[in-house]
Amino acid sequence: MRKRNVAIIGSGNIGTDLMIKILRHSEHLKMAVMVGIDPESDGLARARRMGVATTHEGVGGLMQMAEFADIDFVFDATSAGAHVKNDAALREAKPGIRVIDLTPAAIGPYCVPVVNLESNLQQGNVNMVTCGGQATIPMVAAVSRVAKVHYAEIIASIASKSAGPGTRANIDEFTETTSLAIEQVGGAAKGKAIIILNPAEPPLMMRDTVYVLSEAASQDEIEASVNEMAAAVQAYVPGYRLKQQVQFEVIPDDKPVNLPGVGRFSGLKTAIYIEVEGAAHYLPAYAGNLDIMTSAALKTAEKMAQAMNAAAGDKA
């Protein structure tokens, strides 16, 4: 099948890790251009060493390059504010281009590959939510397909060293975007997201906690659904795993709890504990937050490229 040319905007931690993944593992994408704004950045230097064309003049520089004419996909790994401008510029210059948004800007629909990728294959811009969203929304969706979910809360804890300038600039957007995606993709009536940048030394692995309050349902069915979903995520994020058995607590009708925005609740509380170990393509293995985000983006673009090739009848 034909390989589709891609450019990455953002030569920081996320963009550099994604570049390495494409160069080493992609069957349907060809790394064409790495875009940054700092000519001395490590990401641009690595790209040049790996034979990738570069520009340090941002999206404007990309659009002036000869390679831009053949670009099918652009991954944006900058910031939410920058992405709004980047997407507008790209779409004006090349209306049919596909943009994979790794910022919390959320111009396009939220995309979590194991949950809703198939319904988003034709979108011009898809949003990869956040690292915490990619790790936890599949678990909320796993419960949601068994029982009605009234409330879901996620806590994402990542090593401070794995959070670059873009991540730190987007903390507010992280919580808002992830909370909305918990509802729109995960299926919860109400969602809440919390992120913790853990400064511990040595750095700790990414850990995620998911609390789901749902109507009463079979605990065996929910646990089976969670395990099945975890295996589906592991297919493209090998370091993704449940840290322990799913925990349950029955909240009886005569002892309901009060939930902000939800009201009095009785039913089933499900607690899911996740660890994400990175593939160490760029940062060490503790940076699972980096790995799950770039792996999800790569999975999304690969499936889109396959669909594009199938529609065009491309075999070479």
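Reader: What makes up the span of residues 5-123, and how far apart are its end C-alpha atoms?
Author: In this predicted model, the span is 39% helix and 21% strand. Its end C-alpha atoms lie 17 Å apart.

Reader: Which feature does UniProt place at residues 5-123?
Author: The record, an unreviewed entry, gives "domain: Semialdehyde dehydrogenase NAD-binding". Such an annotation may be inferred rather than shown by experiment.

Reader: Why is C131 in no disulfide with C111?
Author: A disulfide needs two cysteine sulfur atoms within 2.5 Å. The sulfur of C131 is 16 Å from the closest cysteine sulfur, in C111, so the gap is too far for a bond. The structure holds 0 disulfides. C111 is in none either, its nearest cysteine sulfur being that of C131.

Reader: Why is C111 called buried?
Author: Buried means under 20% relative accessible area. C111 has 0%, so the word applies.

Reader: And what makes C131 buried?
Author: The cut-off is again under 20%. C131 has a relative accessible area of 10%, and therefore counts as buried.

Reader: Why is the charged end of K94 said to sit over the ring of F68?
Author: The distance limit is within 6 Å of the ring centre. The charged end of K94 is 5.5 Å from the centre of the F68 ring, so the distance condition is met. The angle must also be within 35 degrees of the ring normal. K94 is listed as sitting over F68.

Reader: Where does the charged end of K269 sit?
Author: Over the ring of Y211, 4.9 Å from its centre. That value is within 6 Å, so the distance condition is met here as well.

Reader: How many aromatic pairs does the structure hold?
Author: The structure holds 0.

Conventions. Residues are numbered from 1 along each chain as its sequence is written. This is a predicted model: local features need pLDDT of at least 70, side-chain atom pairs count only at pLDDT 80 or more; totals for chains, interfaces and linings use all residues. Side-chain values use heavy atoms; hydrogens and water are left out. Rings of Phe, Tyr and Trp (its six-membered ring) pair if their centres lie within 6.5 Å; planes under 30 degrees apart count as stacked, over 60 as edge-to-face and the rest as tilted. Buried means under 20% relative accessible area, exposed over 50%, partly exposed in between (1.4 Å probe, protein chains only). Helices (H or I, at least four residues) and strands (E, at least two) are DSSP runs, numbered from the N terminus.
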